[in-house]
Amino acid sequence: MTLTLRILLIVCSLVSFVLCVTKIKQAKLKVVNSVMWMIGSVLLIAVSIFSSPIEWLANKLGFMAPVNFVFLIMIGFLLVQTFIDNIRISSLNEKIKELDHYIALKEHEDVVKNNDKK
Amino acid sequence: MKVLIIIPAYNEAQNIEKTVKDVMENTNYDYVIINDCSKDNTKEVCEKNNFNIVSLPINYGLTSGIQLGMKYAKKYGYDIAIQFDGDGQHQAKYLKELVNQIEKEECNIAIGSRFVTKKKPKSMRMFGSMLLTLAIKVTTGKKISDPTSGMRAYDKKAIDEFIRNASLTPEPDTLVYMLKKKLKIKEIQVEMSEREFGESYLKPLKSIEYMINMFFSIIFIRSITRKNK
């Protein structure tokens, strides 16, 4: 990997790491949700600084350039992240629907009770 | 047996009065209107007429409406729940026959079908219906001639399935699920009229999306349903 790319990766990882920590402090991001991002950025920094193991592995696996291997890992990481997010959205959706139903049934019950009193 | 007619309604202010009157005149079953957060005055029309209405605060679509109807049926101890369109396409006089079939324990789910004795007309819509019939035949071995029919009666077992599994829809793929759970389905010939006012849940452009969803669900998800132990 070229020096410029390594510097770029290090800077980006640092920025995302700092962003995670500040967002947690502002209570906008839950610790559980940010762990993956922090691990990701730490790994990326490690790869940028000590690039020889990755270069060796990329070579063994037959990548034309080590940087392709790094990109592949990053894409895989992102895919997993979006998939996890998708599952979370679905489960939130289901929870809101449950609330929706609960409120509707409760309101109906109250109306019926009021009518009975009259 | 206690029978509940579930009438899901979304922006049906023009149709709902007629539908409910049809139900009240032609049957002596209980009914509940599920108002899926309509933007027009469906709710006001129902309240003015003193109809039994449950209003959802958030619009979540037909599936959610039917699921709420099933919860209502369970909560108030109904034995049979019927799904009945609020747009005036369905005629209440056929409901008795559906209920009869379940009461005689001929089946767990009775479908009001347009094509038991009559042939399907040739149109794009019916082509889609044919494909669904084929997909159900291939995955379960049973022939459902009108899988998209929205007039269905469910017995207690089927209601329980709806409550247990939140992903069940009032659509053809659920029939596959129910068949895999060893529930019996029977079709009864009925007539349906064209809708008079308003738009259907299934807009033309959405039909393709609907078909793709149904096929994926039937072939990859519902066909591997395991029966209860």
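**Exercise 1. Confidence**

What is the mean pLDDT of chain B, and what share of its residues reach 70 or more?

*Solution.* Keep in mind that this is a predicted model. Start with the chain itself: its mean pLDDT is 89, and 95% of the residues of chain B reach 70 or more. Then turn to the scores for the model, which are ipTM 0.85 and pTM 0.85.

**Exercise 2. The sheet of chain B**

Work out the strand order of the open sheet in chain B, and explain why strand 3 and strand 7 each have one side without a neighbour.

*Solution.* Step one is the order: the seven strands of this open sheet in chain B run 3-2-1-4-6-5-7, and their pairing is mixed. Step two is to look at the edges. Strand 3 (53-55) and strand 7 (185-189) of chain B stand there with a single partner strand each, so one side of each has no neighbour in the sheet. Step three is the twist, which averages 20 degrees from one strand to the next.

Now pick one pair within the sheet. Strand 1 (residues 3-9) and strand 2 (residues 30-35) of chain B are joined by six bridges in the parallel sense. To place one of the bridges, find B:Ala9: its partner in strand 2 of chain B is B:Asn35.

**Exercise 3. The side of chain B that touches chain A**

Find which elements of chain B give two or more residues to the side that touches chain A, and sort the residues of that side by class.

*Solution.* Begin with the contact count: twelve residues of chain B are in contact with ten residues of chain A. The elements giving two or more residues to this side of chain B are strand 3 and helix 3 (61-75). Helix 3 of chain B makes the largest contribution, with five residues. Sorted by class, this side of chain B holds eight nonpolar, two polar and two charged residues.

**Exercise 4. A helix pair across the chains**

Describe how helix 4 of chain A and helix 3 of chain B are set against each other, and list the residues that meet.

*Solution.* First, take the geometry: helix 4 (residues 66-117) of chain A packs against helix 3 of chain B at an angle of about 50 degrees, and their axes are 11 Å apart. An angle from 35 up to 65 degrees counts as oblique, and therefore helix 4 of chain A and helix 3 of chain B are oblique to each other. Their crossing is right-handed.

Next, list the residues that meet:

- From helix 4 of chain A: A:Lys97, A:Asp100, A:His101, A:Ala104 and A:Leu105.
- From helix 3 of chain B: B:Ser64, B:Leu68, B:Lys71, B:Tyr72 and B:Lys75.

Finally, sort the residues of this helix contact by class: four are nonpolar, two polar and four charged.

Technical notes
Residues numbered from 1 in each chain as written. Chains lettered and ligands numbered in written order. Predicted model: local features only at pLDDT ≥ 70, side-chain atom pairs only at ≥ 80, totals over all residues. Pairing = 2+ DSSP bridges. Helix = DSSP H or I, 4+ residues; strand = E, 2+ residues; numbered from the N terminus. Axes fitted to C-alpha atoms, helices over the stretch in contact; angles between N-to-C directions. pLDDT = per-residue confidence, 0-100. Contact = placed C-beta atoms within 7 Å. Nonpolar A, V, L, I, M, F, W, Y, C, P; charged D, E, K, R; others polar. Parallel < 35°, antiparallel > 145°, perpendicular 65-115°, else oblique. Left-handed = near helix turned anticlockwise from the far one by under 90°.
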